[in-house]
Amino acid sequence: MAEFMEGLNLTVLGVTIVFLVLSILAVVLYAVGWLERRLVERETPAPVSSPGEEKSLPPEDLAIITAAVLAYASEKASQLRSLPFRRKISDHWRLYGLQTQMEDVEDFNYEIGKW
């Protein structure tokens, strides 16, 4: 009974040490991630903009850009061609391979020693 209690104590001690080390590692990795996020935020300040200062395109420029994009899209749509429909290649070879693999597994299970 003494050996069993000694083994139980060693097991509990080992599991405790492993989880303690894993917990310390998790805390350290979390701290490194937090520190890195803080450093990145400090390096790139957010752009300051006043609420009344909104950059927008004049309506004429917006209309020109929209017309150009629509002209390009309609030109591309006219160049599209349909692909010919091709029949799928037969699955006979794939099914034969699966059947052969299944037979090999069955042979292995029934004929011990066929490694």
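## Confidence, fold and surface of a predicted chain

In this predicted model, confidence in the protein chain (pLDDT, the predictor's confidence in each residue, from 0 to 100) is highest in helix H1 and lowest in helix H3 (residues 92–110).

| Part | Mean pLDDT |
|---|---|
| H1 | 93 |
| H3 | 72 |
| Protein chain | 80 |

Of the residues in the protein chain, 73% reach a pLDDT of 70 or more. Local features need pLDDT of at least 70, and side-chain atom pairs count only at 80 or more, while totals for chains use all residues. Residues are numbered from 1 along each chain, and side-chain values use heavy atoms, without hydrogens and water.

The protein chain has three helices and zero strands, where helices are DSSP runs (H or I) of at least four residues and strands (E) of at least two. Buried residues (under 20% relative accessible area, 1.4 Å probe, protein chains only) make up 0% of its 115 residues.

Phe19 lies in helix H1 (residues 2–43) and counts as exposed because its relative accessibility is 53%, the cut-off being over 50%.
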